Amino acid sequence: MTEFFLEILDTISRNKSRSLLTAFGVFWGIFMLVLLIGGTHGLKEMLNSNFSNFAKNAATVWSSPTTKVYKGFAKGREWDMDNDDVVRLRNMIPELDVITPQNYTGTRLAVCGANKFSATIYGADHNYRHVCMPEIKYGRYINAMDVKLERKVCVIGKRVYENLFPEGGNPIGSSIRIDSTYYSLVGVDFSPGALTTGESAEEIILTPISVMQRVYNYGDVVHFISFTAKDGVKVGELTDRIRQVIARNHIVSPNDELAIRVFNTEVLFGIMDSLFKGVTFLSWLVGIGTLLAGAIGVSNIMMVTVKERTVEIGIRRAIGATPRMILTQIISESIVLTAVAGMMGILFAVSVLQMIELANTTDGVVSAHFQVDFWTAILATLLLCLMGAMAGMAPALRAMAIKPVDAMRDE
């Protein structure tokens, strides 16, 4: 075994420049493969975290200016949904499970003592937690009595909490002023994702929708209606019926999809899965292509090595070395050269991914894991060995074909 490795080191030292160049090709190929796979995994995790609190089988509908002429009304007409739409959807589409209305005011200045923060003010009812699941750190979520009795209470997001209460601790019971209205803080939500409207859940202040409608003179206007479907029913199958129910109440064409817009989380998650499957496939394709280029380089250098060692191989054949021994030696040298360079590439790629992961760590919490799993690393290693064997096959066959007499003649 010692003699075997000494022969490999001797081969590499005699072809130092070519060996280093070939090793770099293998190193770069496996480095790119692992880096792309780990990066894709991290990006997918980061994107999923933005929608991690969304119900998988949910949708949200909102109104926009009409784009079609309908029953004497010109296109471009502004219109709004209202509280009655919630009741109609609940009565006319029994396949819906949770139906929850929301309003929002955009960015407002929230004040608590000497601290201020510009947050998005959002109004919803107690059922909204089934569409965008909260992670309550302190206190509680808005409940049905808050909505019914129009209590001026609120739940704040993580960034709002950090800015209004920089000293930390349990802030429940504190008063927060928004415009000229004071709200009692009943909960702190640490969910990291986004709302159905796209705003970050960390930067919102959630109040009962009944309070928002009264404080901001919205009347019974509703900006959004979110809903989930019952088990066994896909929410995408209900969107046409939902449009018809809402359109009938507001004299809007039920076929005007731009006037009655629907955001379907089921479609969103499907698109994300398809997207990252394609990106993962592309990562493997690029990585394996780069590896193949490195393997071709290994094969070329082994060809040169065999040619330079023609006399040596001929002498070994003359003193009794079998073709199988020559074949094993050449292929083993190729595998070792490939494996050593590849392992270094894997280690370097893992180190780079670890630094990227640390850069995405906040307060000791990793937002996304930019790493490859154990079996992916094992598969990459096996792929390296396979390519090393394939790269050494042609040179090994050439070495086997060398005859002692021809070798002596070359000498």
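This talk goes through the nonpolar cores, one serine and two cysteines of a predicted model.

I will start with the cores. The largest nonpolar core has 22 residues. Leu89, Leu96, Ile225, Phe227 and Ile242 have the most contacts inside it. At least two residues of this core come from each of β1, α3 (83-92), β3 (96-112), β11 (224-229) and α7 (239-250). The largest share is that of α7, with four residues. In general, nonpolar side chains in soluble globular proteins tend to be buried together.

Take Leu89 as an example. Leaving out residues up to four places away in sequence, Leu89 touches Leu96, Ile99, Ile225, Ile242, Val245 and Ile246. Another core lies apart from this one and has 21 residues, including Phe165, Val188, Val211 and Tyr216.

Next is Ser64. Where does Ser64 sit? In the loop between β1 (58-63) and β2 (81-82). Ser64 counts as buried because its relative accessible area is 13%, under the 20% cut-off. Setting aside neighbours within four places in sequence, Ser64 is in contact with Arg77, Trp79, Leu258, Ala259 and Arg261. With Arg261 there is also a polar contact between the two side chains, at 3.0 Å.

Last, the cysteines. How many disulfides does a search of the whole structure find? Zero. Why is Cys112 not bonded to Cys154? The sulfur of Cys154 is the closest cysteine sulfur to that of Cys112, but the distance is 9.3 Å, so it is too far for a bond. A disulfide would need the two sulfur atoms within 2.5 Å. Both cysteines are buried: Cys112 has 11% relative accessibility, and Cys154 has a relative accessible area of 0%.

Key: Residues numbered from 1 in each chain as written. Predicted model: local features only at pLDDT ≥ 70, side-chain atom pairs only at ≥ 80, totals over all residues. Heavy atoms only, no water. Buried < 20%, exposed > 50% of the residue type's maximum accessible area, 1.4 Å probe, protein only. Polar contact = N/O pair within 3.5 Å; in protein donor to acceptor, adjacent residues only side chain to side chain. Contact = heavy atoms within 4.5 Å. Core = buried A, V, L, I, M, F, W, Y, C linked by side-chain atoms within 4.5 Å.
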